[in-house]
Structure formats: C-alpha cells, structure tokens
2 protein chains.
Amino acid sequence: MSGDIVHPTLEHIRAAHDRIRPHVHRTPVMTSGSIDSISGSSIFFKCENLQKVGAFKARGAVNAVMSLNENGAKKGVATHSSGNHAQALAYAASLRGIPCHIVMPRNAPLVKVEAVRGYGARIVFCEPTLAAREEALEEVVSRTKAAFIPPYDDPRIVAGQATAAIELFEDVQDLDAVMTPVGGGGLLSGTCLAAKYTSKRVAVIAAEPSGADDAYRSLARGRIVPSEDPNTICDGLLTSLGKLNFDIISRSVSRIVRVEDASTIKAMRLIMERLKIVVEPSACVTLGALLEGQEDLLGKRIGIILSGGNVDLSKLPWNDPR
Amino acid sequence: MSGDIVHPTLEHIRAAHDRIRPHVHRTPVMTSGSIDSISGSSIFFKCENLQKVGAFKARGAVNAVMSLNENGAKKGVATHSSGNHAQALAYAASLRGIPCHIVMPRNAPLVKVEAVRGYGARIVFCEPTLAAREEALEEVVSRTKAAFIPPYDDPRIVAGQATAAIELFEDVQDLDAVMTPVGGGGLLSGTCLAAKYTSKRVAVIAAEPSGADDAYRSLARGRIVPSEDPNTICDGLLTSLGKLNFDIISRSVSRIVRVEDASTIKAMRLIMERLKIVVEPSACVTLGALLEGQEDLLGKRIGIILSGGNVDLSKLPWNDPR
C-alpha cells in the first residue's frame with residue numbers, strides 16, 4: 001500500500017449491504033408534485049431520516065461493528081461524537097451486545113446524551129475542545145482496548161454509507177444526478193463510489209453551507225482545508241473532510257454547491273410541509289441548493305439523500321408569530 | 001328502504017378500493033421500539049398523514065368523485081369545509097377534470113385556502129357560521145347543479161375511508177385492536193365495517209378529545225348528541241357525528257375513550273420525534289389514549305390509523321424556550 005489510499009470496492013460495498021441488511025431499514029423513496037413544481041426538477045427523496053437512529057449513520061456504524069472479529073469485538077467500541085454517529089455506534093454495539101464508549105463534550109444537549117444512553121452506551125464527558133476530546137478518547141481506548149470507530153474517515157464506514165445510494169439506484173431508474181450534503185464526507189464519498197461502480201451516467205453533486213464551505217475550498221485547492229469557525233444552522237456539517245473521503249470525493253464529485261442557510265431553512269420547511277416527514281437542517285442543504293437555482297439541473301431526474309431527522313422540535317428554525 | 005339506514009357492504013368497500021387505488025398511496029405501516037416501550041403495547045401506525053393531500057380524506061373523496069356517472073360528474077362537485085375534506089375533494093375533482101366548489105368561512109387560514117386553490121377549486125367565502133355555510137352551499141348547488149359530497153355522512157365516503165383499515169389488516173396480522181380518532185365518524189365507521197367484515201377478533205376503539213366528547217356522549221345516550229362549544233387543540237374533531245356514521249359506530253365500536261389535550265400533545269411530540277413524521281394533533285388522540293393508560297391494551301398488538309399531517313409548523317403546540 002506504501003502510503004496509497006485504498007478505496008472500498010464494489011465487493012466491499014455489497015458485503016457491507018449484506019452485513020447490515022438485517023439491522024437497518026430499507027428506507028422509502030418519496031416524491032412530491034408540489035416540490036417538483038417549485039424546484040423545476042423531478043426529485044426522488046431517499047428518506048434516511050426514517051433510518052434506524054434517524055440517520056444514514058446507522059449504515060456505516062453497523063457495518064463497522066459487524067466487521068469486527070470475535071476477539072476484537074469483545075472489548076467493545078469507542079468514538080467521540082455528540083451527533084448522529086454516537087447514536088449509530090451505540091445502536092450497532094447494542095445489536096452485537098458489546099460495550100460502547102462515547103466521548104462527549106460536557107455541554108452536549110441532554111436529549112443527545114439520553115439517546116445514546118438509551119442504547120446502553122457508556123458516556124465519558126470531556127471539555128468541549130478537540131484536544132480534550134481526543135485525549136479522552138485515547139484514555140478510554142488505552143484503558144479498555146475498545147476499537148476506535150471513526151465517524152467517516154474509515155473504509156468500513158464509507159462502504160456502509162454507500163449502501164444508501166445503491167438502494168436509491170435500484171429503486172429509481174435513469175437518475176441524472178444524485179445529491180448529498182457534505183460534512184466529513186462519509187455519505188458523499190460512499191455515494192461517489194456507488195455511482196461510479198453501478199451507474200454510468202449519474203452525476204454526484206454535493207451541497208454544503210456557505211458558512212462551512214471547507215469541502216468546497218478543499219476541492220478548489222486540491223488538498224484538505226480544515227473547517228475553521230463554521231457558522232451555520234447545519235450542525236451535522238461542521239467537521240473537516242477525512243483523508244479517505246477527500247481522496248474519493250476529489251476524483252469523482254461533479255461539483256460542490258455552497259448554500260445559504262436561508263435557502264436550507266426554506267427547503268426544510270417545504271420537506272416537512274409537503275412530504276410530512278421530519279428532517280434536520282443538515283439534510284436540507286441539497287434541496288436548498290436546487291431552490292437557489294442550478295440551471296443545468298432544471299427538468300432533470302435528481303435523487304436526494306435526506307441524511308437525517310434528528311432535530312429539536314421545540315427549536316424549529318422559523319419564528320412566525322404564534 | 002323505508003327510513004332504514006343501509007350500510008356499505010364488503011363488496012362496496014372492495015369496489016371503492018379498486019376505484020381509488022390508482023389515485024391514492026398505499027401508505028406505509030411504521031413501528032417504533034421506543035414508543036412500544038413507553039406505551040406498553042406493540043403499535044402499528046398506518047400512516048395516512050403520508051396520504052395524498054396529507055390525510056385519509058383523499059380515500060373517501062376520490063371514491064365519491066369516481067363513483068359519479070358521466071353526466072352527473074360534468075356539473076362538478078361541491079362541499080363546505082375548511083379542513084382536509086376540502087383539499088381532498090379538490091384533489092379528487094382535479095383528477096377527474098371537473099369543477100369543484102368549496103364553501104369556506106371568510107376567516108379560514110390562508111394556507112388552507114391556498115392549498116384548495118392549488119388543486120384548481122373555486123372557493124366561495126361565507127360568514128363563519130353554520131347557517132351561512134349551509135346557505136352558501138345551497139346557493140352554489142342550485143346555481144351550478146354540482147353534486148354535494150358531504151365530508152362523512154355518506155356511504156361512498158364511508159366505503160372509501162374503510163380502505164385504510166383494509167390495508168392495515170392486510171399488512172399486519174393478528175391485531176388485537178385498531179384505534180382511530182372520531183370527529184364526524186367517517187374514518188371510525190369505515191374502520192368498524194372493515195373490522196366486522198374481514199377480522200373476527202379485532203376490537204375497534206375510538207379516541208376523542210375530552211373537550212369535544214360528543215361521540216362518547218352520543219354512544220352513552222343511544223342517539224346523536226350534537227357537538228357544542230368544543231374546546232380542544234384537535235381541530236379535525238370538532239363536528240357532530242353523521243347519521244350513517246352513528247348507526248354503524250353504535251353497533252360495532254368497543255368503546256370511545258376521552259383524552260386530555262395534554263396527552264394528545266405528548267403523543268404528537270413522541271410520534272414526530274421517534275417516527276420522524278409530521279402529524280396533526282387530531283391524529284394523535286389515539287396514542288394519547290394509550291399514554292393515559294388503557295389497562296386491557298397492555299401487551300396487545302394495536303393498529304393506529306394516523307389520520308393526517310396537516311399542521312401549521314410555526315405553531316407546534318409546545319413552547320420550550322428557544
């Protein structure tokens with residue numbers, strides 16, 4: 001391997017799919033005539049908000065946990081996350097009946113802490129800095145010998161996330177493009193591989209918040225530009241790209257569109273009102289991009305992977321007078 | 001028929017199902033392990049909030065409109081409603097390409113007016129009283145010769161609404177009970193017939209808001225007690241029972257449970273948070289009843305028909321500090 005980055009193959013993705021199938025939902029694909037009219041495209045929404053733990057992250061985490069050999073698994077798994085990956089890993093570990101350690105900042109929302117505890121994971125609190133988080137994780141791993149399962153920069157995670165697009169391509173023929181949000185790049189890199197391996201013509205287009213456009217800038221510069229002081233409502237899209245993810249994305253993605261939060265919020269409300277499903281802001285940046293107008297996509301058949309639905313319903317980002 | 005009330009037969013319901021199948025969704029049945037834990041029952045949610053126009057009402061309205069003969073249909077259809085039946089009838093008329101007249105109170109929310117207009121219906125505004133509404137409807141019908149399609153007190157409507165339970169019984173075996181909300185009684189009476197005709201053992205249990213408990217009182221008195229000054233957040237459950245509906249319900253329903261709005265709101269939030277789907281308060285009175293504790297239903301397999309998802313997302317009925 002001599003320093004080269006090895007991408008998951010189609011066989012890896014198929015194996016991941018077989019591994020996770022008993023434990024995750026085959027999520028539905030939904031459409032809305034009125035959203036099609038408003039956007040000017042035919043949109044097929046792959047509803048990963050209806051996935052186990054409310055996000056596509058269940059796919060990668062279950063694949064990683066189910067890939068561990070018996071001896072490795074016994075000692076459990078660990079990660080640092082206060083988001084959907086934490087819940088996903090806790091869920092996956094509970095399926096296999098192994099210990100799960102989640103490092104979380106002390107200021108994590110109580111609802112997220114309880115969701116993770118609900119799956120039986122042990123939580124290690126740390127100060128809310130990257131350094132404290134990494135230190136706490138190292139301490140946990142060296143004490144317990146648990147296997148670290150990263151949130152996106154890992155071939156098992158990428159292969160798992162790729163299965164969402166595989167299902168979408170099976171269910172909807174002749175897509176012109178598929179769109180995903182991009183944060184760390186797990187979903188986007190998996191989708192790039194799925195498109196490359198199974199579809200000759202589908203373009204992969206990513207969307208990210210203007211206030212957290214490190215993936216856009218990374219692609220432009222040809223190297224990973226870290227996310228610094230991100231400012232966006234999309235709390236799932238704050239992180240920097242992973243190495244494996246960037247390597248895949250930079251070879252395959254058609255473009256990365258930067259989207260204003262106002263458009264994402266408009267998209268979020270449209271999806272909730274017309275499709276009657278609950279989505280988190282990070283999931284809506286893709287439709288937000290279409291609402292801002294992507295001329296080459298007008299009249300096209302577009303798959304959108306709705307990444308998750310974990311949102312605080314008492315803090316929806318619109319504020320009409322009651 | 002000498003004054004007797006004739007109930008739709010199983011053949012009527014099957015014919016309705018064939019008639020509407022091309023035009024409505026076969027809605028999914030969803031489950032949630034965490035809601036099961038909280039409620040103590042195994043609940044199967046039939047998601048009519050994901051139905052066309054966001055409510056089961058599409059079934060009855062499409063059946064009624066598609067049942068009209070060619071000559072009758074030409075002159076169009078009419079009703080008075082500011083709720084889901086208005087949208088459903090407008091949708092059904094648009095499918096058949098015939099005129100649709102909807103009488104609405106002047107103070108109807110703009111969003112509902114626009115939803116109906118979106119399907120191409122003509123709106124006749126009237127003063128917000130029952131008398132003004134009926135007068136306006138009579139005027140429209142006598143001027144246009146349009147066919148009046150009532151919201152619930154009609155065998156075509158009841159046969160259409162019955163198809164939701166038919167699908168639920170096909171998809172989920174061995175239910176002990178099926179629960180629906182009760183307003184005018186269209187969904188409940190259709191569900192009673194579906195249960196009677198196709199399932200020997202399933203009990204039909206209705207739920208209604210304590211602040212609009214006319215169906216409960218009607219059942220107790222053995223005659224229709226009109227709904228007077230209802231006071232509830234469940235804006236779809238304010239009306240009095242229809243004659244046909246009461247006749248069916250009073251022969252078949254196991255019981256009608258009265259539910260406090262606080263329980264309904266708790267149920268609504270649970271459904272939105274755990275199932276990641278958008279529901280209106282009226283749809284949640286059934287789970288609200290289970291949260292209040294129905295001892296005989298503990299450990300049982302219960303189907304719940306989630307009636308609709310048309311809710312103003314800027315006015316969700318919880319008010320945590322932002």
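Two residues are in contact if their C-beta atoms, placed from the backbone, lie within 7 Å. The legends below describe a predicted model.

**Figure 1. The interface between chain A and chain B.** Eighteen is the count on both sides: 18 residues of chain A are in contact with 18 residues of chain B. On the side of chain A that touches chain B, eight residues are nonpolar, four are polar and six are charged.

**Figure 2. The axis that relates chain A to chain B.** A turn of 180° and a shift of 0.0 Å along the axis lay chain A on chain B, with an RMSD of 0.0 Å. This is the relation of a two-fold axis. A:I277 has the C-alpha nearest the axis in chain A, 2.0 Å from it. The same surface serves both copies. Of the contact residues of chain A, 100% recur in chain B.

**Figure 3. Chain A as a whole.** Chain A holds 13 helices and ten strands. Its C-alpha atoms fill a box of roughly 55 × 50 × 40 Å, taken along the principal axes. The radius of gyration of chain A is 19 Å. A compact globule of 322 residues would have a value near 20 Å, so chain A agrees with that expectation. Buried residues account for 55% of the 322 residues in chain A. Contacts in chain A often span long stretches of sequence. Among those between residues at least 6 apart in sequence, 74% join residues at least 24 apart.

**Figure 4. The two domains of chain A.** Domain 1 of chain A covers 10-55 + 154-306, and domain 2 covers 58-148. Taken over C-alpha atoms, the centres of domain 1 of chain A and domain 2 of chain A are separated by 25 Å. Their contact takes 19 residues from domain 1 of chain A and 14 residues from domain 2 of chain A.

**Figure 5. The side of domain 1 of chain A that touches domain 2 of chain A.** Two helices of chain A, α1 (10-20) and α8 (155-171), each supply at least two residues of this side. The largest share, seven residues, comes from α8(A). By residue class, this side of domain 1 of chain A has eight nonpolar, seven polar and four charged residues.

**Figure 6. Helix α3 of chain B and its surroundings.** Helix α3 of chain B spans residues 57-67 and is mostly covered. Ten of its eleven residues are buried. Charged and polar side chains are in the buried set of α3(B), including B:K57, B:R59, B:N63 and B:S67. Nonpolar members of that buried set include B:A58, B:A61, B:V62, B:A64 and B:V65. B:G60 is buried in α3(B) as well. The buried residues of α3(B) pack against four helices of chain B: α1 (10-20), α5 (84-96), α8 (155-171) and α9 (186-198). They also pack against strand β3 (77-80) of chain B.

**Figure 7. B:I304 and its neighbours.** B:I304 is found in strand β10 (residues 301-306) of chain B. B:I304 has 30 other C-beta atoms within 10 Å and is therefore buried; the cut-off is 20 or more. Leaving aside residues up to four places away in sequence, B:I304 touches B:I43, B:F45, B:K46, B:M179, B:T286 and B:L287. B:I205 lies 99 residues from B:I304 along the chain, and their C-alpha atoms are separated by 9.6 Å.

Key
Residues are numbered from 1 along each chain as its sequence is written. Chains are lettered from A and ligands numbered from 1 in the order in which they are written. This is a predicted model: local features need pLDDT of at least 70, side-chain atom pairs count only at pLDDT 80 or more; totals for chains, interfaces and linings use all residues. Domain bounds come from an automatic or database domain assignment. A residue is buried if 20 or more other C-beta atoms lie within 10 Å of its own, exposed if 12 or fewer, and partly exposed in between; C-beta atoms are placed from the backbone. The radius of gyration is taken over C-alpha atoms; the globule rule is 2.2 Å times the number of residues to the power 0.38. Copies are superposed by least squares on the C-alpha atoms of residues with pLDDT of at least 70 in both.
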